[in-house]
Amino acid sequence: MNYRSTRGKTDEVSASKAIITGLAPDGGLFVPKEIPAIDFKALAGKNYCEIAQAILQAFLPEYNTVFLQQALENSYGRFFNDKAGYLHKVKEGVYSLELWHGPTAAFKDYALQLMPKLLVEARNMNKETDETLILVATSGDTGGAALAGYANLPGVKIAAFYPVGGTSEIQRLQMETQEGDNVFVYAVHGNFDDAQRGVKQAFNDTELKEKLAYKNKKLSSANSINWGRLVPQIVYYVTSYLQLCNDNTIAYGDELDFCVPSGNFGDIMAGYYAKAMGLPIGKLICASNQNNVLAEFLKSGHFDARGEFYKTSSPSMDVLISSNLERLLYHESGNSETVGRWMDELAANKEYTVDEETLTRIQKNFVAGWATEENVDEEIKNIFTQDGYLCDPHTAVAFSVLHQIQKEQGRTTPTVVLSTASPFKFSEKVLSALESEVPADAFDAMEKLAALTGEAIPASLAALNGKTERFNIQIEPETIVELPLKM
Ligand SMILES: *Cc1c(COP(=O)(O)O)cnc(C)c1O
């Protein structure tokens with residue numbers, strides 16, 4: 001199984017090389033040359049790690065079976081408290097796939113617990129001896145999940161950069177208290193874009209690259225464009241489907257829709273691969289927040305990122321240019337030259353329009369909608385009061401869009417909503433949506449939410465209280481470029 005670039009100007013590479021390289025040298029993203037078909041029905045009754053093993057083996061045949069088994073067990077076995085792929089019935093025909101039972105209480109743990117292990121093994125397979133320095137700019141969830149995933153792995157060091165005051169208090173504490181000798185955390189003066197710009201500057205600095213090479217080190221990213229981050233996310237679409245078959249809620253072959261709160265389009269793209277591999281998915285429902293570029297594109301074929309950027313209560317979805325969309329364009333247009341042209345237009349003008357034929361194909365698989373901030377508040381409140389179910393603002397975006405689409409299009413297909421973060425990561429926002437007064441302290445807010453709703457605070461979040469903050473270093477974005485030499 002080889003990988004090629006969506007822009008077609010890079011030689012094919014093996015899976016391990018694709019994972020080491022991240023972004024293809026021609027600026028494109030790596031995609032599998034063929035999409036393997038799997039007899040999913042035969043996996044019914046198997047556990048999360050066994051199903052994951054079958055899927056990973058198909059996409060990453062280079063990796064040794066025993067290695068994968070251990071990596072999966074170490075990623076999802078103990079850390080997810082037996083709740084990997086946990087499905088909660090919200091009401092008839094609507095299920096919440098709770099992806100936040102991992103170490104940092106956000107769905108990014110699924111990718112970032114496993115991918116670092118895949119990277120270390122890829123380095124072994126390719127006999128790489130230099131040290132990899134991972135730099136990651138974060139607006140919240142990615143930083144914590146990446147630090148937790150890379151902590152104490154051999155041959156790798158990781159630094160996370162977050163904007164001062166730009167994350168929730170819990171997200172800040174998750175990073176500042178992260179253990180491990182190979183992790184570094186910096187709070188950057190400015191906003192997320194400033195942090196991102198500083199990191200990009202380091203990646204583009206040829207002098208830095210040479211100096212690092214001299215020390216036998218090189219830079220890499222933990223960004224969601226890496227194939228190693230996408231492939232673990234295919235698994236929970238399959239386990240959800242099979243679980244509903246096991247429960248006799250659906251029969252194998254029945255359509256099941258998935259509604260996905262989307263930002264960079266990585267999570268929902270994993271659903272697309274699951275469908276392409278043969279899983280009987282009906283529609284993939286793409287839910288955007290007020291930054292609705294994605295949803296509007298899927299409806300019209302016109303991608304237009306020229307509008308305003310909004311800071312919303314679902315910050316991990318505050319994205320205007322969704323990088324993983326390029327993979328969909330490649331598969332549905334079947335033409336890397338055309339993809340390259342659209343991406344050039346995007347870089348130059350922040351917009352492009354796909355042809356009718358490509359749009360029609362995309363719409364066979366996807367429907368889309370978006371939610372306002374008022375929709376999010378209403379949804380958190382309604383779902384809690386009507387269905388007794390507590391959800392975070394990202395998940396509420398998805399519920400809101402699902403309800404809109406059910407109403408407008410009369411869709412009645414059973415649907416799994418991907419719940420991407422624990423409500424306790426955003427206790428303040430959830431309390432205010434429930435029209436409850438919000439305590440000033442983040443831990444008081446968590447406890448109040450627990451008392452009000454009867455839900456349990458995830459142990460990993462409660463454990464942050466009183467934990468030592470190890471770093472507390474504030475820097476200017478311009479100095480990020482100097483740090484890799486000190487790592
Ligand atoms: C990252 C994230 C998303 C968006 O996922 P994409 O793969 O970027 O589309 C949604 N919700 C939460 C909580 C996230 O952390």
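**Notebook: cavities, ligand site and a salt bridge**

I began with the second largest cavity, which holds about 30 Å³ of space. I note at the outset that the model is predicted.

*Entry on the second largest cavity.* I listed the lining as Asp257, Ile285, Leu402, Ile405, Gln406, Arg411, Thr412, Thr413 and Thr415. Sorted by class, these lining residues give 3 nonpolar, 4 polar and 2 charged. I then asked which helix gives the most to this lining. Helix H17, residues 393-409, does so with 3 residues.

*Entry on the largest cavity.* I searched the whole structure and recorded 2 cavities of 30 Å³ or more. For the largest cavity I noted about 40 Å³ of space. Its lining consists of Ser262, Gly263, Ser288, Asn291, Val293, Leu294, Met317, Val319, Leu320 and Ser322. By class I entered 5 nonpolar and 5 polar residues for this lining, with no charged residue. The lining of the second largest cavity, by contrast, has 2 charged residues.

*Entry on the ligand.* I next turned to the ligand and found 15 residues around it. Which of them come nearest? I wrote down Lys108, Asp141, Gly263, Asn264 and Thr420. Gly263 also appears in the lining of the largest cavity. The shell around the ligand divides into 5 nonpolar, 7 polar and 3 charged residues.

I looked up the ligand's contacts with polar backbone atoms. At Asn264, a polar backbone atom lies 2.7 Å from an oxygen atom of the ligand. For Phe265 I recorded 3.0 Å between a polar backbone atom and a ligand oxygen. For Asp267 the corresponding distance, again from a polar backbone atom to an oxygen of the ligand, is 2.9 Å. How much of the ligand does the protein bury? Taken alone the ligand exposes 380 Å², and the protein buries 96% of that.

*Entry on salt bridges.* I counted 21 salt bridges in the model. Side chains of opposite charge can pair when their charged atoms come close. I selected the pair that includes Asp141, a residue already entered among those nearest the ligand. The side chain of Asp141 meets that of Lys425 in a salt bridge, at 2.7 Å from N to O. Where in the chain do the two partners, Lys425 and Asp141, lie? I placed Lys425 in the loop between strand S15 (415-419) and helix H18 (427-433). Asp141 belongs to helix H5, residues 141-150. The pair thus links distant parts of the chain, 284 residues apart.

Methods:
Residues numbered from 1 in each chain as written. Predicted model: local features only at pLDDT ≥ 70, side-chain atom pairs only at ≥ 80, totals over all residues. Heavy atoms only, no water. Near = heavy atom within 4 Å. Polar contact = N/O pair within 3.5 Å; in protein donor to acceptor, adjacent residues only side chain to side chain. Areas by Shrake-Rupley, 256 points an atom, 1.4 Å probe, with all protein chains shown as cover. Nonpolar A, V, L, I, M, F, W, Y, C, P; charged D, E, K, R; others polar. 1 Å grid on protein atoms, 1.4 Å probe; cavity = no way out; pocket = protein on both sides within 12 Å on 5 of 7 lines; lining within 4 Å. Points joined across faces, edges and corners; volume = space filled by probe spheres on them. Helix = DSSP H or I, 4+ residues; strand = E, 2+ residues; numbered from the N terminus. Salt bridge = Lys/Arg side-chain N within 4 Å of Asp/Glu carboxyl O.
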